[in-house]
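Here's a quick briefing to read alongside the structure. We'll go topic by topic, from rings to charges.

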Amino acid sequence: DFVGTLSRLQTIVSLRSEYNFMANTFKSYVQLRLQPREDRYYLFELINDPRGKTSWSQTTVRTNPPIEGEPPTYTQTRIVTEDAFRFSLMFAKRVHFATFRFGILESTGGVSVDLHLLDDRLELTTDMFAFGEQVAPRLRTRLALEVIKRLWILGGVDDYLNENRDVFLGAQLRFNDEDLKAILPFAGSVPGG
């Protein structure tokens, strides 16, 4: 059973880079997709987002006794942006021409839908994540086309429900790494050793 499961397992690696026009930066992704069956997979992703991770906090400050000429109470908003890698861990299930994903997307909870067209050479992806971080959740739509085997060009709009909206273009290299599949059974014993 173990050998049969391992022989069906596909380890699909993707390397993607996108140029964000409004932010004038590149965003890079390294993705590993463990696919035990044709209709489902597990997605692991590491993202280098130059915009970093932004957190907001509001504090109400009350001066006692009040300072002359200043209000007794005021609200202070603090916005902190940290340069940090983001990660994704998602479960995906394919039904006909659509793949539904849910889990952690760019270090926050998220859901996604991928539509596969033209014998899976054209993909339309919509991601919704970062609920509660801004006024509206972060919504991103991407269209990707496989121009030659394993090489994709892509473009889309990121965060178009909020003020941080951006337009991007990029490229992606996606391939099935048979060598990685061969070492996976031994990867669990490395931390234990």
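This is a predicted model, and the count for it comes to 4 aromatic pairs. One of them is Y19 with F26, a tilted pair whose centres are 5.1 Å apart, with 55° between the planes. The salt bridges, for their part, come to 14.

**Aromatic rings**

- Is F26 buried or exposed? At 53% relative accessibility, F26 counts as exposed, because the cut-off for that class is over 50%.
- Its partner Y19 has a relative accessible area of 22%, so Y19 is classed as partly exposed: buried would need a value under 20%.
- Y42 and F91 make another tilted pair, with 5.5 Å from centre to centre and 50° between the planes.
- That pair ties together distant parts of the chain: Y42 belongs to strand β3 (residues 40-48) and F91 to strand β6 (residues 85-95), with their positions 49 residues apart.
- Both rings of this pair are partly exposed, Y42 with a relative accessible area of 35% and F91 with 25%.
- Which residues join Y19 in an aromatic cluster? F21 and F26 do, and the three form one cluster.

**Charges over rings**

- R16 lies over the face of Y29, and the distance to the ring centre is 3.7 Å.
- Over at W152, the ring has the charged end of R174 sitting over it, 4.5 Å from the ring's centre.

**A closer look at S112**

- You'll find S112 in strand β8, which covers residues 108-117.
- Why does S112 count as buried? Its relative accessible area is 4%, and anything under 20% is classed as buried, so S112 falls in that class.
- The side chain of S112 makes a polar contact with the side chain of D127, at 2.6 Å.
- Leaving aside residues up to four places away in sequence, S112 touches M90, T99, F100, R101, L105, T126 and D127.
- So D127 turns up twice for S112, as a polar partner and in the list of touching residues.

**Salt bridges**

- R16, already met over the face of Y29, also has a salt bridge with E18, at 3.1 Å from N to O.
- Are E18 and R16 buried or exposed? Both residues are buried.
- K93 forms a salt bridge with D39, and their closest N and O atoms are 2.5 Å apart.
- This bridge spans distant parts of the chain, as K93 is in strand β6 and D39 is in the loop between β2 (25-37) and β3, 54 residues apart.
- K93, at 34% relative accessibility, counts as partly exposed, and D39 gets that label too, at 30%.
- D120 pairs with R94 in a salt bridge, the closest N and O atoms being 2.9 Å apart.
- Where do these two sit? D120 is in the loop between β8 and β9 (122-129), while R94 is in strand β6, and the two are 26 residues apart.
- D120 is partly exposed with a relative accessible area of 32%, and R94 is partly exposed with 24%.
- Salt bridges that share partners also join a set of residues into one network: K27, D49, R86, R101, E106, D114, D127, R138, R140 and D158.
- Two members of that network, R101 and D127, are also among the residues that S112 touches.

Key: Residues are numbered from 1 along each chain as its sequence is written. This is a predicted model: local features need pLDDT of at least 70, side-chain atom pairs count only at pLDDT 80 or more; totals for chains, interfaces and linings use all residues. Side-chain values use heavy atoms; hydrogens and water are left out. Rings of Phe, Tyr and Trp (its six-membered ring) pair if their centres lie within 6.5 Å; planes under 30 degrees apart count as stacked, over 60 as edge-to-face and the rest as tilted. Buried means under 20% relative accessible area, exposed over 50%, partly exposed in between (1.4 Å probe, protein chains only). Helices (H or I, at least four residues) and strands (E, at least two) are DSSP runs, numbered from the N terminus. A charge sits over a ring if NZ of Lys or CZ of Arg is within 6 Å of the ring centre and within 35 degrees of the ring normal. A polar contact is a pair of N or O atoms within 3.5 Å; within protein, one must be able to donate a hydrogen and the other to accept it, and residues adjacent in sequence count only if both atoms are side-chain atoms. Contact means heavy atoms within 4.5 Å. A salt bridge is a side-chain nitrogen of Lys or Arg within 4 Å of a carboxyl oxygen of Asp or Glu.
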